[in-house]
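Student: Please take me through this model by question and answer, so that each point can be checked on the display.

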Amino acid sequence: MLKSLAFTLAVGLVVFSAPVQADEYDVLLREFDADALRQDEKRLLQIGLAFEGLYIGQIDGKWGPDSSQALELYSERETDTWAINAHMAILTWSLMESVGRDGWDFLHLDTPNVSFLFPFDAAEVEEQQTDMRYVAWQHTESSLGISVFVADVDETEHWHDWLLSEYEHRGRPHIVFEPGLAVTSFTNPDGVVIHVVSNYTRGEWTTVTLVALAEDSNLLSTVAGSIRVGRSEPLVYPEGGLLEQVVDLAMAWSIKEEDTNAEDGDAGVGMLEVDEAELGGTGTAFVVSDEGHLLTNAHVIDGCEAIAVDGFQATVVGTSSLFDLAVIKAGQLSGKQVAAFAHLPASLNLDIVVVGYPLGEFLGGVNVTRGTVSGMKGLAGSEFTMQISAPVQPGNSGGPVLDASGSVVGVVVSKLDAMLVSEVTGDIPQNVNFAVRGELAKLFLSQNGVEPTMAGPAKGLDPVELGRRAQSITYLVECYQ
């Protein structure tokens, strides 16, 4: 037991110059699992996805294939990765912004006995009968119009029949006729979306008519999916569950990164001529944009008064102590070959190539080593990193990890201190090294205003061509203090 604890302590300290990862944030990176959420949490996510124009269906907290597909589309759109818990936080923040701006909540009308989402702070009454058998509103911030009327079966049938006769020959309407329910929905040739829902309740038919331009169809779909007979639970932030935990962690992480970047600023870069300072260390970076942005490790540039990339002075754009990543920019490298990221995360036993400048003060020149993804988690089970078998040395930090097609699947971050581990275990580990996962690198770049370039269809390269391509995107980083 003591030996196990000692080993855990050892591996937590053997990363050269790399900060210890915060395990409490690992939950943000776990794959999304709807079964871990309560129904009210899933309903909130459905509303958020509907506002994003990705979910068209009943907003009821029942998570099915349509909800899963919508979240996958949202995740791919936002960060080009599969759905992880962090996407729940991003989606919730976006939804809360919309809710706060227009006052969205569930409206319940007693006379028709119907509920639906309604923009209380951004709606004007256009027409209303005193007995509330007809009322119409206009959303002041969009083209969305909402009206509700109560009528008998003949009047209700007449309204649906008129709509069909007026527009059926001009498009393909969506029609549902079931006991107690009638739906007519279509887009007319002018790009106006019309959605009519009639429900039988309290001996009469209540009809909700929604009209909007195509550009506001997401709002129309959101309201349409929320319509139900009876009273809906208010739109409140679900507390005490996984969603709240994820949002709180994401907020804490965001504040931590903002504070770190505010303290670091430009890290003094550009205030000291490179040739007037002392070389404090070297690392590796690779180009990620046409404007000369490069990706490296945060610990590579930590404490630098000046940074040189291939001899050119670079500035700091953003850093993350949590991911141990940094974006730097050397304008003189604009127009150079840009690294392309793999669409899918690295899998176990994937063949990889590591590119970098190990022991840059002594060896000089780019170095290429081969290996595999030997473990899907990093030190102490960290989900931020993966284990790789390709040999690395100090100076490799920040270099790209490439698959056989030359696409980036990770960023070298650390190696295991073999001698220190040997003192604890009595055995010398071989080629136990670590890389930040490629999907997190893409997320970090997006957060710092750099859109990751995505690779085309995978095509294996011969070793010489792979080495040539790797060299074209990779540069030596020099830290001057």
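**An enclosed cavity and its surroundings**

Student: Which strand and which helix each supply at least two residues of the lining of the largest cavity?
Tutor: Helices (H or I, at least four residues) and strands (E, at least two) are DSSP runs numbered from the N terminus, and a cavity is a set of points on a 1 Å grid over the protein atoms alone where a 1.4 Å probe fits but cannot get out, lined by residues with an atom within 4 Å of a point. By that reckoning, the two elements that each give at least two lining residues are strand S20 (408–415) and H10.

Student: Before going further, what kind of model is this?
Tutor: Residues are numbered from 1 along each chain as its sequence is written, and side-chain values use heavy atoms, with hydrogens and water left out. Local features need pLDDT of at least 70, side-chain atom pairs count only at pLDDT 80 or more, and totals for chains, interfaces and linings use all residues, since the model is predicted.

Student: How much space lies in the largest cavity?
Tutor: The search of the whole structure finds 1 cavity of 30 Å³ or more, and its lining consists of Phe341, Ala342, Leu344, Pro345, Val408, Val409, Gly438, Glu439 and Lys442. Counting volume as the space filled by probe spheres set on the grid points, which are joined across faces, edges and corners, the largest cavity holds about 40 Å³.

Student: Which element gives the most to the lining of the largest cavity?
Tutor: Among the lining residues are Gly438, Glu439 and Lys442, and these three also appear in the list of buried residues of H10. With 3 residues, the element that gives the most to this lining is H10.

Student: Why is helix H10 (residues 438–447) described as largely enclosed by the rest of the structure?
Tutor: Buried here means under 20% relative accessible area, exposed means over 50%, and partly exposed lies in between (1.4 Å probe, protein chains only). The buried residues of H10 are Gly438, Glu439, Leu440, Ala441, Lys442, Leu443, Phe444 and Leu445, and just after the helix glycine 449 takes a positive phi of about 80 degrees. H10 is largely enclosed because the buried part of its 10 residues amounts to 8.

Student: Which are the edge strands of the open sheet of 7 strands?
Tutor: Two strands pair if DSSP finds at least two bridges between them, and in this sheet the pairing is antiparallel, in the order S3-S4-S5-S9-S8-S7-S6. The strands that pair on one side only are therefore S3 (123–128) and S6 (174–178).

Student: Which residue in S5 is the bridge partner of alanine 136?
Tutor: Strand S4 (residues 134–139) and strand S5 (residues 145–151) run antiparallel and are joined by 5 bridges. Helix H6 (residues 217–226) packs on this sheet, touching S4 as well as strand S8 (192–201) and strand S9 (204–213), where contact means heavy atoms within 4.5 Å. Within S5, the bridge partner of alanine 136 is serine 147.

Student: How far does the backbone oxygen of threonine 284 lie from a polar atom of the side chain of threonine 296?
Tutor: Threonine 296 belongs to strand S12 (residues 293–296) and is buried, with 0% relative accessible area. Beyond four places in sequence, its contacts include Thr284, Ala285, Asp324 and Ser397. From the backbone oxygen of threonine 284 to that polar side-chain atom, the distance is 2.6 Å.

Student: What separates the C-alpha atoms of valine 354 and proline 400?
Tutor: Valine 354 sits in strand S16 (residues 351–356) and, at 0% relative accessibility, is buried. Setting aside residues up to four places away in sequence, the residues touched by valine 354 include Val368, Ile388, Pro400 and Val412. Although valine 354 and proline 400 are 46 residues apart along the chain, their C-alpha atoms are separated by 6.1 Å.

Student: Is asparagine 113 buried or exposed?
Tutor: Most residues other than glycine have a negative phi, whereas asparagine 113 has a positive phi of about 55 degrees. Asparagine 113 lies in the loop between strand S1 (104–109) and strand S2 (114–119). With a relative accessible area of 12%, asparagine 113 is buried.

Student: What is the relative accessibility of aspartate 310?
Tutor: Aspartate 310 also has a positive phi, near 55 degrees, and lies in the loop between strand S13 (306–309) and strand S14 (312–320). Aspartate 310 counts as partly exposed because its relative accessibility is 45%.

Conventions
Axes fitted to C-alpha atoms, helices over the stretch in contact; angles between N-to-C directions. Polar contact = N/O pair within 3.5 Å; in protein donor to acceptor, adjacent residues only side chain to side chain. 1 Å grid on protein atoms, 1.4 Å probe; cavity = no way out; pocket = protein on both sides within 12 Å on 5 of 7 lines; lining within 4 Å.
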